[in-house]
Amino acid sequence: MSREANKKLIENLHHIWNEADYSMMEEVYSKDVVVHWPRGFLLSESRGIDGVRSTIEGVRTAIPDWTETVYDMIIEGDKVVTRYTSTGVNLGDYAGVKATGKKIELDEISIYRIEEGKVIEQWCLSDDTSMLLTLGLLSESPDL
């Protein structure tokens, strides 16, 4: 795929997360996609389009206004990297944690591997500590 096609593909991926526009899932994700979530995340990975969709639905249930703002995109061969910030207000329960009503801001980096014009694999890295502090699920310790 061309650099421009890879760029558009990943822009569409972020659009899915931002708008919960599931109609684009099969255009963006391979049926065999594997997403490796950060270590602190509820799941270690999601498999297949249904697995990714379920994860997006879970996040958007807890944070209905989930928005990903992309600041950088690096494209090299079959890989694309994005640096972005995810924001939203925690209005729903998630992973056994009650809704806090607090706004989260989460810095993230994802690496996507593209095969046959679709995302086949993704690795995510996020600032989970910052999010847990924001939600009041972790307290700051001045002794660290």
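Let me begin with one pair of residues: Thr69 stands opposite Thr85, which is in strand 4. Before I go further, please keep in mind that what we are looking at is a predicted model.

That pair belongs to the contact between strand 3 and strand 4, where 9 bridges join the two strands, strand 4 covering residues 79-89, and where the two run antiparallel. Another pairing there is that of Glu68, whose bridge partner in strand 4 is Ser86. Strand 3 and strand 4 form a hairpin with 2 residues between the strands, and in this hairpin Gly77 takes a positive phi near 60°. If we now move on to the next neighbour, strand 4 and strand 5 also pair in the antiparallel sense, over 11 bridges, and here Thr82 stands opposite Ser110 in strand 5. As general background, strands of a sheet pair through backbone hydrogen bonds, either parallel or antiparallel.

Let me widen the view to the sheet. In what order do the 6 strands lie in the open sheet? The order is 2-1-6-5-4-3, and the pairing is mixed. The edges are formed by strand 2, residues 45-47, and strand 3, residues 67-76, each of which pairs on one side only. On average, neighbouring strands of this sheet are turned by 20° against each other, if direction is ignored.

Next come the helices that lie across these strands. Helix 1, made of residues 3-19, lies across strand 1 (29-36), strand 3, strand 4, strand 5 (103-115) and strand 6 (118-126), and its direction is at about 160° to strand 3. Helix 3, residues 48-62, lies across strand 1, strand 2 and strand 4, and runs at about 55° to strand 1.

For the protein as a whole, the secondary structure comes to 4 helices and 6 strands, and from the N terminus on the elements run α-α-β-β-α-β-β-β-β-α. The radius of gyration is 15 Å, close to the 15 Å that the globule rule gives for 144 residues, so the protein is as compact as a globular protein of that length. Taken along the principal axes, the C-alpha atoms fill a box of roughly 50 × 30 × 25 Å. Of the 144 residues, 40% count as buried, and the accessible surface comes to about 8100 Å², of which 50% belongs to carbon and sulfur atoms. If we take the contacts with a separation of 6 or more, residues 24 or more positions apart account for 52% of them.

I would like to spend a little time on the aromatic residues. How many aromatic pairs does a search of the whole structure find? The search finds 2. Why is the pair of Trp17 and Trp37 called edge-to-face? Their ring centres are 6.1 Å apart and their planes stand at 70°, which is over the 60 degrees that this class requires, so the pair is edge-to-face. This pair links distant parts of the chain, since Trp17 is in helix 1 and Trp37 is in the loop between strand 1 and strand 2, 20 residues apart. The other pair is Trp17 with Trp66, with ring centres 6.2 Å apart and planes at 45°, so this pair is tilted. Trp66 lies in the loop between helix 3 and strand 3 while Trp17 lies in helix 1, so the pair ties together parts that are 49 residues apart in sequence. Taken together, the ring pairs link Trp17, Trp37 and Trp66 into a cluster. Both Trp17 and Trp37 are buried, and Trp66, at 6% relative accessibility, counts as buried too.

Two single residues remain. Is Gln122, which has its place in strand 6, buried or exposed? At 4% relative accessibility, Gln122 counts as buried, because the cut-off for that word is under 20%. Leaving aside residues up to four places away in sequence, Gln122 touches Leu13, Tyr29, Val34, Val35, His36, Ser110, Ile111 and Tyr112; Ser110 is the residue that we met earlier opposite Thr82.

Finally, Ser2 lies in the segment before helix 1 and is partly exposed, with a relative accessible area of 42%. The C-alpha atoms of Ser2 and Ser130, which are 128 residues apart along the chain, are separated by 36 Å.

Terms used: Residues numbered from 1 in each chain as written. Predicted model: local features only at pLDDT ≥ 70, side-chain atom pairs only at ≥ 80, totals over all residues. Heavy atoms only, no water. Pairing = 2+ DSSP bridges. Axes fitted to C-alpha atoms, helices over the stretch in contact; angles between N-to-C directions. Contact = heavy atoms within 4.5 Å. Buried < 20%, exposed > 50% of the residue type's maximum accessible area, 1.4 Å probe, protein only. Phe/Tyr/Trp six-rings, centres within 6.5 Å; stacked < 30°, edge-to-face > 60°. Rg over C-alpha atoms; globule rule 2.2 N^0.38 Å. Areas by Shrake-Rupley, 256 points an atom, 1.4 Å probe, with all protein chains shown as cover.
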